[in-house]
Amino acid sequence: MGGVGAQAACRGLSASGRPGRAGRVQTARMPHLHPRAAAQESVFARMSRLAAQRGAVNLGQGFPSAAPPEFLLGAARGALGRFDQYAPPAGLPALRDALGADLGVDGADVTVTCGATEALHLLTLALAGPGDEVLMLEPVFDVYLPQVALAGARGVTVPMTLDPARGWQFDLGALAAAVTPRTRALLLNSPFNPTGTVFTDAELAGIVALARQHDLWIVSDEVYDELYFGPRPTSLRSLAPERTFTVGSAGKRLEATGWRVGWIVAPPGQTPGVLGLRQVTSFSAPAPLQAAVAAALPAARESGFYAGLRETYGARMTRLAAGLRALGATVFEPRGTYFLTALHPTWTAEGLIDSGVAVIPGEAFYAQHAAPAGLTRWAFCKSDADLDVALARLSQADQTVRL
Ligand SMILES: Cc1ncc(COP(=O)(O)O)c(C=O)c1O
């Protein structure tokens, strides 16, 4: 690069001699990115980056510190060299069949995606557009609102309430009151990140009645379907198969979040609509990893892998919760997911990372309502050693009155 433009840009001027915005290279002929490209680094990515840079224990982003199970890794090794070209957009037939068998649905209703994130993106595109509203609860998983906005629709959130004595509370009446003639879909998550809520059958029945009354689609994000600490969560699909799209994630189930294999189970007859869009987003998910997940799903069931995860994570949740309570936090133990939420009057994510522990600030899950003061989210899908080091650091910081 050289010439007037380069020199001017170095001085903070554009090639036309107009001042450029501080720190940006600007030339007369440069087009502008669309405003939607002004997206910031997500707080999840930021906290992981800061944790790596500063040697903090990462209890922020929800990925396990353990390696995936050998039955999954071995299947992937065997698939490389055999499944190396495009998979069909709907997914490898073996994986659609395996998911059908695992979830008790017809494999023809399954679409394999690049993680649950792409599944959610496809569904918002398929279900809503300009003038439409998609209703969801707040705190809200960070991709929901931007994805609805990308579809040209409006996301509307209804707050859960946080009662220090009773924990997170869901109000069906508030959800019903937020339905308008423009509402097209309810986007729900159970087990719920970050609250850990697992909706009861009575709550799910109320949600289904609401959806039927107003003829709404339901998108049920069930990526933590195997991570629960009480009764097994009921899938909304079983209550309203005609209108529920279920979203799942092999990354969450099989401890391989980097593999980017997820899925949609569509109501009977609705898969072609999803598939049309799926061909122009990423076309298909990585073929060898799909083959590995297809082999691993029955192996996970037969070996009791999910029950083992629940046992391990249940113990870690108890360990972390006890440690945080000892430091004065009010802890809300989840019924599902691998996150717990806590309230502490003086803790902030910035302060905690100074003490050597990365967590997610409560505000990361709020866009339309105020986050409860002092709310943080803690991932316990980490090793016992990580949890112990984190608690020891917090305890030490507490004694030196830095927290
Ligand atoms: C509620 C929820 N939905 C979807 C996702 C995305 O899952 P995936 O990694 O399969 O894209 C996550 C990831 O943390 C999540 O917590």
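The residues that form the shell around the ligand are mainly of one kind: 9 are polar, 3 are nonpolar and 1 is charged. These assignments rest on a predicted model. Of the 13 residues around the ligand, those that come nearest are Gly115, Ala116, Thr117, Asn193 and Ser249. The element that gives the most to this shell is helix α5, which spans residues 115–127 and supplies 3 residues.

One of the nearest residues, Asn193, also takes part in an unusual feature of the backbone. The peptide bond that leads from Asn193 to Pro194 is cis, and its omega is near 15°. Pro194 itself lies in the loop between β7 and α8. A cis peptide bond also joins Ser190 and Pro191, in this case with an omega of about -10°. Pro191 is found in the loop that runs from β7, residues 183–189, to α8, residues 201–213.

The backbone deserves attention at two further positions. Asp215 is not a glycine, yet its phi is positive, at about 50°. This residue has its place in the loop between α8 and β8, the latter covering residues 217–221. Asp215 counts as exposed because it has 9 C-beta neighbours inside 10 Å, and the limit for an exposed residue is 12 or fewer.

Arg260 likewise is not a glycine and has a positive phi, here of about 60°. It belongs to the loop between α10, residues 250–253, and β10, residues 262–265. Arg260 has 19 other C-beta atoms within 10 Å and is therefore partly exposed; a residue counts as buried at 20 or more.

A wider view of the chain comes from its annotation. The unreviewed UniProt entry records a domain, "Aminotransferase class I/classII large", over residues 57–394. In the model, this span is 40% helix and 19% strand, and the C-alpha atoms at its two ends lie 11 Å apart.

The confidence of the prediction remains to be considered. The protein chain has a mean pLDDT of 92, and 92% of its residues reach 70 or more. Residues 1–20, however, have a pLDDT below 50, and in the model this stretch has 27 contacts beyond near neighbours in sequence.

Note on methods. Residues numbered from 1 in each chain as written. Predicted model: local features only at pLDDT ≥ 70, side-chain atom pairs only at ≥ 80, totals over all residues. Near = placed C-beta within 6 Å. Helix = DSSP H or I, 4+ residues; strand = E, 2+ residues; numbered from the N terminus. Nonpolar A, V, L, I, M, F, W, Y, C, P; charged D, E, K, R; others polar. pLDDT = per-residue confidence, 0-100. Contact = placed C-beta atoms within 7 Å. UniProt positions renumbered as here; feature names shortened; annotations may be inferred.
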